[in-house]
Amino acid sequence: MSSPQSPRRGTTRTTGGRKRMTAAERKRLYRRRRIVFFSALAVVLALAVFTVYSLVRGAVSVHGMAGASAAPALSRAEVPAAPQRSKVETCTPGDVDVQLVPDATSVGVGGSLNFTERVAYVGKSPEGCRMNTSADSLVLTITSGSDVIWRSDVCEAAYRPRLFFADVTDEQKIAWNTNRTGASCVADDQLPKVDRGTYVAQLSLKDDPKVQSKPQTITVE
């Protein structure tokens, strides 16, 4: 009876119907797996590097575009625009009529009296004229004999331009708190109050005092 022969080196044994890989086959299989793994890893790393590079390049491009667009805007802002000359001329003394209407003719000591200032266009030009009607241009003056008690132009006022033409009248309110102004601007509540007596209120143009309203007599009681 012959003894069983051992399998030759390099051949594949079978156990229970399944093939059993030799050492050489297992090495080849592991080598192929490593090649596939490192190839996939190289692809992933390449994609990651490309993605980061694209993001950085895009951010730099956006920043450059923003800087390029902001630079001209800054330059334009630094250069003041040339003033445009209005075709409408400044009002002359013959173009406007000014009126002053007090809300009352008497007021108590320490009280306040309101006036209505009216400016009407009486000129002939179809284009009309323009005029600053702020309190330091259209001046209200309170006097007592030759003594100037109060003026609305002692303190600087906000610019108030108005356009006048046919049938246009501008009105605004102004208050006198029965006090006395000085040579410089002082807060109204810090001005000294006037005594009882008779005072005269009149409105005029600072640039041309000849343009003035009718005087209004006020009594402080």
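# A guided tour: sheet, salt bridges and surface patches

Start with the sheet: 5 strands form an open sheet in the order β4-β12-β11-β7-β8, and their pairing is mixed. Select residues 106-107 for β4 and 147-151 for β8, and you have the edges of the sheet. Each of these two strands has a single partner strand, so one side of each is left without a neighbour in the sheet. As you look around, keep in mind that this is a predicted model.

**Stop 1: β7 and β11**

Now select residues 138-144, which make up strand β7, together with residues 197-205, which make up strand β11. The two strands run antiparallel, and 6 bridges join them. Which residue of β11 stands opposite I142? Show both side chains and you will find A201 there. Next, pick T141, which stands opposite Q202 in β11. While you have these side chains on display, here is a handy rule: in a regular strand the side chains alternate between the two faces of the sheet.

**Stop 2: β11 and β12**

Keep β11 on screen and add residues 216-220, which are strand β12. This pair is antiparallel too, with 5 bridges between β11 and β12. To see one facing pair, select V200 and then T217 in β12, which stands opposite V200.

**Stop 3: salt bridges**

Time to look at charges. Side chains of opposite charge can pair when their charged atoms come close. How many salt bridges does the structure hold? The total is 7, and you can visit some of them here.

Select R180 and D147, whose side chains meet in a salt bridge with a distance of 3.2 Å from N to O. This pair links distant parts of the chain: R180 is in the loop between β10 (169-176) and β11, D147 is in strand β8, and they are 33 residues apart. R180 is partly exposed, with a relative accessible area of 34%. D147 is partly exposed as well, at 33% relative accessibility.

Move on to R151 and D153, where the salt bridge spans 2.9 Å from N to O. Are these two residues buried or partly exposed? R151 counts as partly exposed, with a relative accessible area of 31%, whereas D153 is buried at 13%. Now add K206 to your selection: R151, D153 and K206 are linked in a network of salt bridges.

One more pair to click on is R162 and D170, with their closest N and O atoms 3.3 Å apart in a salt bridge. Here R162 is partly exposed at 31% relative accessibility, while D170 is buried at 11%.

**Stop 4: patches on helix α1 and around**

Finally, turn on the surface. Select K27, R28, R31, R32, R33 and R34, and you will see a patch of positive charge. One of its members, R32, lies in helix α1, which covers residues 23-78.

Then select F37, F38, L41 and L45, which form a nonpolar patch on the surface. Together these residues have about 410 Å² of accessible area. F37, one of the four, is also found in helix α1.

Terms used: Residues numbered from 1 in each chain as written. Predicted model: local features only at pLDDT ≥ 70, side-chain atom pairs only at ≥ 80, totals over all residues. Heavy atoms only, no water. Pairing = 2+ DSSP bridges. Salt bridge = Lys/Arg side-chain N within 4 Å of Asp/Glu carboxyl O. Buried < 20%, exposed > 50% of the residue type's maximum accessible area, 1.4 Å probe, protein only. Patch = residues over 30% accessible without salt bridge, like charges linked within 9 Å, V, L, I, M, F, W, Y side chains within 5 Å. Areas by Shrake-Rupley, 256 points an atom, 1.4 Å probe, with all protein chains shown as cover. Lys, Arg positive; Asp, Glu negative; His and termini not counted. Charge placed at Lys NZ, Arg CZ, Asp CG, Glu CD.
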